[in-house]
Amino acid sequence: MFENNMAVFVMPRWSRGLLPYWGRYVAGWDGIFSFALIDKKLEVIQQRVDDEREVEGEYLTYLLSNTQMSMGDVYGSIAELLLAGMDTTSNTLTWILHLLSKHPETQERLYGEVSALVLADRSPSAAEVTGMRYLRAVVKEALRMYPVVPMNARVIAEKDVTVGGYQFAKKTSFAFCHYAISHDEDAFPEPFAFKPERWLRDGRKRPHPFASIPFGFGVRGCVGRRIAELEMYLVLFALVRQFDIKPEPNVGELKSINRTVLIPDRQLNLHFVDRRRGDAA
Ligand code: HEM
């Protein structure tokens, strides 16, 4: 679906019946909807209603029981949640693992932090992983270098505004180019270097808080931010604690491309060497 996204944006409407991109785009969405299992879930809920059994408790049930939402709204809401929630964290984790594999000294420092926690057969708590400063800095730096949502936009609807001395009439559309902003040399010296240390609160001058805002900001900022961060901390904690992550020697220079989310331009292969046994997975 993402592959045909650009074509849908730039091509005129009349071309949709003539060129193959539109069919592929619609088929992509159909795949997402069927993957999201909305229709299947609908059948289950309907069955429960027919059997006069209790229907409650789940997000989709909640949406379906909301009389102000059309079926289009429900499909859109579930698909958005799945898209916003999966491609973002999975691609960010891909970038982080790639960066760690290329920077063994960073990985060792991170290993030092995560291996210091005594667990004895239990999982770390949210507070424990969130309290790991270097782990947080690694995620923040990776999102600066590879903001998985590379662009988003806003229309100032209500009134004229002045920003930095420039005046903008109401209804002006603003595009935020997160990738460009977070590679600004003035805010981040050596912007293409992976340096989690920039984010540590250890007395050094830290970057401006708005110089990298991969989750957006304000009332329409990412609603899933805390879930996303926690999920990534937990996955990284488990992986780095158990494995030494090494790059595939022939992978070459990985480039990022914009497919609505920022993805690598080729398949990434990594070697996961079990720290306890020295086996590669
Ligand atoms: C690395 C992970 C993620 C990043 C970098 C990210 C980034 C973003 C950004 C930049 C926006 C647009 C904010 C704006 O327009 O100001 C957004 C919106 C949104 N995100 Fe995330 N996101 C991530 C993970 C997630 C997860 C895990 C979920 C769900 C569990 C989620 C749900 C949403 C939703 C529903 C919106 C739309 C909010 C609205 O329109 O009001 N995101 N995200």
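Here is a short chat about a predicted model, covering one iron contact, two residues and two pockets.

Visitor: What should I know about this predicted model before looking?
Guide: Local features need pLDDT of at least 70, side-chain atom pairs count only at pLDDT 80 or more, and totals for chains, interfaces and linings use all residues. Side-chain values use heavy atoms, with hydrogens and water left out, and residues are numbered along each chain as its sequence is written, from 1.

Visitor: Which residue is the only protein donor of the iron atom of the ligand?
Guide: Donors here are N, O and S atoms within 2.8 Å of the metal (3.2 Å for Na, K and Ca); water is not among the atoms, so sites may look incomplete. An SG atom sits at 2.3 Å from the iron. The unreviewed UniProt entry also annotates that residue as "binding site", though such annotations may be inferred rather than shown by experiment. The only protein donor is C222.

Visitor: Is C222 buried or partly exposed?
Guide: C222 lies in the loop between α9 (178-181) and α10 (225-242); helices (H or I, at least four residues) and strands (E, at least two) are DSSP runs, numbered from the N terminus. Buried means under 20% relative accessible area, exposed over 50%, and partly exposed in between (1.4 Å probe, protein chains only). Because its relative accessible area is 39%, C222 is partly exposed.

Visitor: And R16, which residues does R16 touch?
Guide: Look in the loop between α1 (5-10) and α2 (20-35) for R16. R16 counts as buried because its relative accessible area is 19%. Contact means heavy atoms within 4.5 Å. Leaving out residues up to four places away in sequence, R16 touches V8, Y21 and W22.

Visitor: Which element supplies the largest share of the lining of the largest pocket?
Guide: A pocket is an open set of points on a 1 Å grid over the protein atoms alone, where a 1.4 Å probe fits, with protein on both sides within 12 Å along at least five of seven lines; lining residues have an atom within 4 Å of a point. The largest pocket holds about 1,600 Å³ of space, and of its 44 lining residues the closest to the centre are E80, A84, T88, V149 and N152. With ten residues, the largest share comes from α5.

Visitor: Which helix gives the most to the lining of the second largest pocket?
Guide: That second largest pocket has about 660 Å³ of space. Its 26 lining residues include K140, R201, R206, R225 and E229, the closest to its centre. Six lining residues come from the top contributor, α8.

Notes: Points joined across faces, edges and corners; volume = space filled by probe spheres on them.
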